[in-house]
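Trainee: I would like a close look at a single part of this model, taken slowly. Please take me through its pockets, and then through what lies around them.

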Amino acid sequence: MKIEVIDYKGKKVMEVSGEIDMHASPSLRKELMSLVSKKTTPLLVDLKGVSYIDSSGIATFVEGLKGMMAFGGKLKLASIPAGVMEIFNFSKLDKVFEIYGDLDDAVNS
Amino acid sequence: MDKAIDVKDLVTHYGEREILKKISFSIPRGKTTVILGGSGCGKSTLLKHLIGLLKPTRGNILINRKDIVSMNEDALNDIRKRMGILFQGAALLNSMTLMDNVALPLREHTELEDSTIQIMVRMKLDLVGLSGFEGFYPSQLSGGMKKRAGLARAMALDPEFLFFDEPSAGLDPVTAAGLDELILKLRNVFKMTIVVVTHELPSVFMIADYVIMLDLGEVIFSGTLDELRVSGNPRIKMFLDRRPEAETYSPEDYFRFIAGD
């Protein structure tokens with residue numbers, strides 16, 4: 001898994017690619033929670049390059065969202081590939097997260 | 001067939017007694033395979049070989065094309081982390097809450113923070129219909145709930161393979177059907193390779209994509225459910241029609257047997 005944090009049209013974007021599994025999730029958490037603790041809002045997460053996510057990855061995003069909600073911040077997920085989206089749908093989290101078709105939709109929301 | 005597991009010429013003994021008699025078969029990836037057979041046919045023994053708990057006398061068991069028979073314990077443990085197993089008695093630790101039972105493999109095998117682990121455990125418990133039970137101890141649960149909790153723990157590490165040993169044993173028909181539905185859901189959503197050992201026919205017809213039937217330590221059938229239904233093999237027909245075995249002894253043999261001659 002690779003993580004890059006960039007600025008895109010004035011917004012902070014976390015670009016994640018590769019497999020988010022139990023080995024990768026601790027690094028994802030570290031990066032995500034560091035931005036949450038700095039109250040970076042809105043934080044956009046671009047998941048276009050993610051080929052696989054397991055329950056540890058989903059749980060990490062849940063933790064991130066919980067942290068954001070604690071101070072009224074926004075965590076927006078964008079460009080989720082179909083296979084990854086299936087897991088979000090199944091866990092009913094598609095109703096909880098703000099999910100956008102692509103990064104520009106997330107920026108303009 | 002995309003083979004997830006390939007068993008070749010497997011022979012195993014308990015003492016002098018040959019239990020599995022040079023059996024060969026394959027298990028397809030991402031499907032539910034039921035290993036079917038009467039009591040004592042060797043199916044639970046076979047399951048213990050597939051998960052590397054027993055070493056065979058001869059033969060090979062290839063999991064993702066790697067032979068687990070010749071593997072050392074470290075390599076085998078790596079493979080086992082990709083396997084979830086629901087044992088007949090659920091094998092929960094009675095001194096621990098469900099939260100701690102399900103969290104155990106995650107705490108043992110990952111570097112995840114406990115806050116992440118707790119969310120994952122709640123997700124798994126919800127998946128098996130046990131939301132809100134994380135503070136309960138196994139002794140406070142019914143048999144069906146224990147099975148589901150055992151399944152939540154088997155799935156803790158998001159395994160690629162899920163093995164069930166007689167999942168319906170000891171459950172009423174409604175609870176057993178609920179567990180079958182859960183098995184179907186896991187295959188559909190997570191594309192897991194699921195192997196179920198059972199002799200419960202209603203379960204077989206509900207969950208199986210592929211069936212392997214054992215009889216007296218030999219594979220007498222491997223194929224789809226439709227192929228099983230139309231099989232002309234008399235042993236299979238007897239099993240599917242739930243007909244008892246014919247008497248194997250003549251009265252004279254029986255007398256000799258019990259008289260000890």
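How do the residues of the lining of the largest pocket divide into nonpolar, polar and charged?

Mentor: A word on the basis of the values comes before the pocket itself. This is a predicted model, in which local features need pLDDT of at least 70 and side-chain atom pairs count only at pLDDT 80 or more, while totals for chains, interfaces and linings use all residues. Residues are numbered from 1 along each chain as its sequence is written, chains are lettered from A and ligands numbered from 1 in the order in which they are written, and side-chain values use heavy atoms, with hydrogens and water left out.

The lining of the largest pocket divides into 19 nonpolar, 8 polar and 16 charged residues, where Ala, Val, Leu, Ile, Met, Phe, Trp, Tyr, Cys and Pro count as nonpolar, Asp, Glu, Lys and Arg as charged, and the others, Gly among them, as polar. A pocket here is an open set of points on a 1 Å grid over the protein atoms alone, where a 1.4 Å probe fits, with protein on both sides within 12 Å along at least five of seven lines, and its lining residues have an atom within 4 Å of a point. The volume of the largest pocket is about 1300 Å³, a volume being the space filled by probe spheres set on the points, which are joined across faces, edges and corners.

Of the 43 residues that line the largest pocket, Tyr52(A), Asp54(A), Ser55(A), Lys124(B) and Asp158(B) lie nearest its centre. Two or more lining residues come from each of β3 (43-53), α2 (55-70) and α3 (82-90) of chain A, and from each of α4 and α6 (173-190) of chain B; helices (H or I, at least four residues) and strands (E, at least two) are DSSP runs, numbered from the N terminus. The most is given by α4(B), with 6 residues.

On the chain A side, confidence is lowest in α3(A), at a mean pLDDT of 86, pLDDT being the predictor's confidence in each residue, from 0 to 100. The mean for chain A is 93, and 100% of its residues reach 70 or more.

The second largest pocket holds about 520 Å³ of space. Among its 22 lining residues, Arg80(B), Met83(B), Ile85(B), Pro105(B) and His109(B) are the closest to its centre, and the elements that give two or more residues to this lining are α2 (73-80), β6 (83-86), α3 (98-109) and α5 (143-154) of chain B. By class, the second lining has 14 nonpolar, 4 polar and 4 charged residues.
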